[in-house]
Amino acid sequence: MDTPDPFPLSPDAVRQIAAAAGFPLDAARSERLARRYQRLLQDIRELDSVDPGDAEPAVQFRTEGLARE
Amino acid sequence: MSDADHAYLSLVRLADMLRERQVSPVEVTRAALERIARMDSRLNTYLLVTEREALAAARTAEAEIRAGHYRGPLHGVPFALKDLFLTAGIRTTAGSRVLAEHVPDKDATVVARLREAGAVLLGKLNMHEFAFGVTNVNPHYGATHNPWDTERITGGSSGGSGAALAAGLCSFSLGTDTGGSVRIPAALCGVTGLKPTYGRVSRHGVLPLAWSLDHVGPMARSALDVALVLQAIAGRDPRDDTSGDAPVPDYASAIRAGVHGLRVGVPWHAIQGSVEPEVMTSFRSALDALVGLGATVSEVALPRFPLSRSLFSSIVLPESVSAHERYMASRAGDYGPDVRARLEAGLLLPATRYLRAQRIRRLLQADFRDALEQVDVIATPTCPIVAPRIGEETVRIGEREESVTDILTLFTRPVNLVGLPAVSTPCGFTTAALPVGLQIIGRAFDEATVLRVAHACEQATTWSEQRPAE
């Protein structure tokens with residue numbers, strides 16, 4: 001099992017990403033979110049080894065409406 | 001007939017009595033309002049009781065029925081809505097302080113359809129904040145309490161609906177289901193709840209959580225009652241591009257056909273080792289009941305089922321933070337801590353991860369499609385556990401410690417990912433008198449078959465007739 005990167009995104013990077021999206025975060029919150037993001041990547045990393053092949057995204061929403069237009 | 005007998009009348013029976021004028025909509029509505037006033041302080045199911053509007057609607061229904069203008073089985077029937085559905089002129093909070101003063105100027109399509117059917121809105125129901133959680137422990141309006149044990153959660157996010165039905169505080173309700181939010185409270189509160197096929201019921205005017213996972217679904221105390229509500233709300237809505245054109249059958253007739261010869265598939269590989277023993281006992285009893293009615297049960301494989309949790313997180317988090325952009329930018333401090341933390345996590349996931357999950361989601365859909373070519377429906381327990389205590393964040397399954405949220409959604413969230421119809425119906429009680437739910441999953445737009453199975457189970461057992469102590 002690989003050892004996870006202790007901070008896939010640094011707290012400062014988290015703060016900058018959030019600010020760019022219009023969500024200001026203070027330093028403590030940025031650090032908590034950086035840790036949470038690390039856990040999230042761990043949780044979903046089983047998807048990294050799945051080959052989706054030729055599958056297109058299963059974006060069910062809006063497709064029918066777009067086709068109608 | 002006692003107050004409780006009245007409160008627990010089936011929608012079908014109540015409709016007959018209203019049509020025959022054995023009881024009037026005003027009498028029924030007054031009785032429901034009095035019962036809410038007497039009982040809801042210990043359950044906290046209603047965020048808002050619309051007494052004045054309810055009595056006005058009941059008087060209108062009464063005059064119409066008296067004049068011979070009977071609209072159908074929902075005419076004059078009192079119901080309540082999860083507070084996620086827009087209601088014209090009536091506060092809609094989504095269970096959040098962010099929308100504490102929000103009064104929409106229009107009805108959601110499904111609300112308009114219920115009004116058209118003559119149903120009487122009693123009020124708006126408590127829920128997990130913004131539908132983003134499954135405990136219904138709401139930091140702003142208080143936890144909803146399970147009528148079977150008020151120290152336990154109702155499940156969520158449509159927990160107000162589940163508890164109000166179990167306590168006889170409305171005749172039916174509408175919930176929403178993004179990862180199990182209709183089926184989980186139905187299971188934990190001992191009532192029946194349907195997540196229809198994605199596209200079967202309009203979502204227009206329902207505050208979104210995650211567009212590609214959100215569904216609107218009816219909840220009631222029996223499959224037949226759910227069928228009558230579905231009949232009123234199903235079908236194409238030009239204001240919701242995702243709603244489909246598939247014909248809407250006569251559900252109440254279709255579900256009475258029995259299950260003789262029906263093929264039921266069970267993904268044992270996903271179930272074994274993940275379910276509390278007493279839940280497993282009830283689940284096996286339900287399968288035995290179906291076999292006794294002439295169905296066959298066999299194993300089906302869903303190889304990509306274990307990916308569901310990762311897929312769900314990768315999709316729900318980015319979609320939900322996008323849906324909340326405008327509020328999070330200006331009102332982040334008004335969110336409860338659990339919902340805010342989930343939303344912020346979605347902010348960081350790269351688009352490539354979101355789209356990769358949407359592509360792998362196709363593989364899970366293929367698994368379900370393949371399985372449903374071998375069988376007519378798939379059965380699982382709705383939840384691996386019964387209602388946890390309020391405030392409990394983890395539970396033990398065998399040797400493993402599991403998060404309450406993860407374990408409650410284990411069997412429900414895959415069905416949101418594949419968009420298929422699924423119902424939860426009562427299938428037993430534990431020795432602690434807590435209800436257990438059976439989930440039946442069907443083919444796309446075949447709600448009639450999943451409701452048929454639920455109806456057959458309900459007819460063969462008495463689980464759906466049990467009531468909590470008052």
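## S330(B) and helix 13

S330(B) is exposed, since 12 other C-beta atoms lie within 10 Å of its own and a residue with 12 or fewer such neighbours falls in that class. The residue is found in helix 13 of chain B, and its C-alpha atom is separated by 9.8 Å from that of V98(B), although the two are 232 residues apart along the chain. This and everything that follows is read from a predicted model.

## Chain B as a whole

Chain B contains 18 helices and 13 strands, and its C-alpha atoms fill a box of roughly 60 × 60 × 45 Å along the principal axes. A compact globule of 470 residues would have a radius of gyration near 23 Å, and the 20 Å found for chain B agrees with that expectation. Of the 470 residues in this chain, 61% count as buried.

The contacts within chain B also reach across the sequence: when contacts with a separation of 6 or more are considered, 77% of them are between residues 24 or more positions apart.

## Chain A and its helix pair

Chain A has three helices and zero strands, and reading along its sequence gives the pattern α-α-α. Buried residues make up 19% of the 69 residues in this chain.

Two packed helices are described by the angle between their axes and by the distance between those axes. For helix 1 and helix 2 of chain A, the packing angle is about 100° and the axes are 8 Å apart; the two helices are therefore roughly perpendicular to each other, because angles of 65 to 115 degrees are placed in that class. On the side of helix 1 of chain A, the residues that meet the partner helix are P11(A), V14(A) and R15(A), while helix 2 of chain A contributes A27(A), S30(A), E31(A), L33(A), A34(A) and Y37(A). By class, this contact comprises six nonpolar, one polar and two charged residues.

## Where the two chains meet

The contact between the chains takes 27 residues from chain A and 28 residues from chain B. On the chain B side, the elements that give two or more residues are helix 12 (308-323), helix 13 (325-331), helix 14 (337-348) and helix 15 (351-374). The largest share of that side, ten residues, comes from helix 15 of chain B. Sorted by class, the chain B residues that touch chain A divide into 14 nonpolar, eight polar and six charged.

One residue of helix 15 of chain B can be followed in detail, namely R362(B). With 19 other C-beta atoms within 10 Å, R362(B) is partly exposed, as 20 or more would be needed for a residue to count as buried. Leaving aside residues up to four places away in sequence, R362(B) touches A55(A) and A58(A). Within its own chain, the C-alpha atom of R362(B) is separated by 41 Å from that of L169(B), which is 193 residues away along the chain.

## Helix 14 of chain B

Which residues of helix 14 of chain B are buried? They are V339(B), R342(B), L343(B), E344(B), G346(B), L347(B) and L348(B). These buried residues pack against helix 1 (11-20) and helix 2 (27-44) of chain A, together with helix 12 and helix 13 of chain B.

The length of this helix can be checked as well: at 1.5 Å a residue, the twelve residues of helix 14 of chain B should span 16 Å, and the 18 Å between its end C-alpha atoms agrees with this.

## Backbone features in the loops of chain B

Two residues of chain B other than glycine have a positive phi, A94(B) with a value of about 55° and F130(B) with a value near 55°. A94(B) is found in the loop between strand 2 (78-82) and helix 5 (109-116) of chain B, and with 27 C-beta neighbours inside 10 Å it counts as buried. F130(B) has its place in the loop between strand 3 and helix 6 of chain B, where 26 other C-beta atoms lie within 10 Å and the residue is likewise buried.

A cis peptide bond, with omega about 15°, joins G156(B) and S157(B). S157(B) lies in the loop between strand 3 (120-125) and helix 6 (159-166) of chain B.

Technical notes:
Residues numbered from 1 in each chain as written. Chains lettered and ligands numbered in written order. Predicted model: local features only at pLDDT ≥ 70, side-chain atom pairs only at ≥ 80, totals over all residues. Contact = placed C-beta atoms within 7 Å. Helix = DSSP H or I, 4+ residues; strand = E, 2+ residues; numbered from the N terminus. Nonpolar A, V, L, I, M, F, W, Y, C, P; charged D, E, K, R; others polar. Rg over C-alpha atoms; globule rule 2.2 N^0.38 Å. Expected span 1.5 Å × (residues − 1). Axes fitted to C-alpha atoms, helices over the stretch in contact; angles between N-to-C directions. Parallel < 35°, antiparallel > 145°, perpendicular 65-115°, else oblique.
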